[in-house]
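Here's a quick look at one chain, from its confidence scores down to a few individual residues. Have the structure open while you read.

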Amino acid sequence: MHFVIFIWAEGFSETFTQFNYIAGFIAVLILIPLLFTSSRKWMKKLKRTWKKLQSLAYLAIILSLLHVAILEKTWMVYAIIVGIGFFIRIPVIKEKIIALRTKQVKL
C-alpha cells in the first residue's frame with residue numbers, strides 16, 4: 001500500500017531517483033511472488049523450491065530496513081519490530097511460545 005501511495009503522489013519515475021527508493025522498490029518486487037505463492041497449494045506444487053523462494057523474504061526485510069534507515073525516519077522502531085519477528089522464529093523460542101499458547105488454551 002505504501003508503494004502504491006508513493007507512486008500516486010510522486011510518480012513511478014521518482015522510484016529510480018535515489019538509492020533508498022530503489023531498495024524499497026526491489027523489496028516490493030521480491031514480495032509480489034511471495035504473496036502469490038504463500039498458500040498450502042503452492043507449498044505442495046513447488047515442494048523444496050517453495051522454501052527457497054520464501055527465504056527471499058529475508059532479503060526483502062533487509063532492503064526495507066535499508067530503505068527506512070537511509071530516509072532517517074523512525075527506522076529504529078521498524079528495526080526492533082523486525083528483530084522481534086526474527087527472534088520469535090528461533091526454533092527454541094518458537095517452541096516455548098507455542099507451549100505457552102497451548103497451555104492457555106487448555107485452561
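What follows covers confidence, one helix, a surface patch and a few single residues.

This is a predicted model, so local features need pLDDT of at least 70 and side-chain atom pairs count only at pLDDT 80 or more, while totals for chains, interfaces and linings use all residues. Residues are numbered from 1 along each chain as its sequence is written, and side-chain values use heavy atoms, with hydrogens and water left out.

First, confidence. The chain averages a pLDDT (the predictor's confidence in each residue, from 0 to 100) of 83, and 93% of the residues score at least 70. Helix α3 (residues 40-46) has the highest mean at 90, and helix α6 (residues 75-87) the lowest at 79. Helices here are DSSP runs (H or I, at least four residues), numbered from the N terminus.

Now helix α5, residues 56-71. Its 16 residues reach 23 Å from first C-alpha to last, close to the 22 Å expected at 1.5 Å a residue (that is, 1.5 Å times one less than the number of residues). Its buried residues (under 20% relative accessible area, 1.4 Å probe, protein chains only) are Ala-60, Leu-63, Ser-64, His-67 and Val-68. They sit on the same side of α5, because they cover an arc of only 135 degrees around the axis, taken from the directions from the helix axis to the C-beta atoms. Val-68 of this helix has its C-alpha 30 Å from that of Thr-49, 19 residues apart along the chain. Just after α5, Glu-72 takes a positive phi of about 55 degrees.

On the surface, Met-76, Ile-80, Ile-84, Phe-87, Ile-88, Ile-90, Val-92 and Ile-97 form a nonpolar patch with about 720 Å² of accessible area together. Patch residues have over 30% relative accessible area and no salt bridge, with nonpolar side chains joined within 5 Å. Two elements, α6 and α7 (91-106), give two or more residues each, and α6 gives the most, with four.

Here are three residues side by side; exposed means over 50% relative accessible area.

| Residue | Place | Relative accessible area | State |
|---|---|---|---|
| Val-68 | helix α5 | 17% | buried |
| Val-92 | helix α7 | 53% | exposed |
| Lys-47 | loop between α3 and α4 | 62% | exposed |

Lys-47 also has a phi near 50 degrees, a positive value in a residue other than glycine.

Notes. Patches are made of residues with over 30% relative accessible area and no salt bridge: like charges are joined within 9 Å, nonpolar side chains (Val, Leu, Ile, Met, Phe, Trp, Tyr) within 5 Å. Accessible areas come from the Shrake-Rupley method with a 1.4 Å probe; for residues, only the protein chains shown count as cover. A salt bridge is a side-chain nitrogen of Lys or Arg within 4 Å of a carboxyl oxygen of Asp or Glu.
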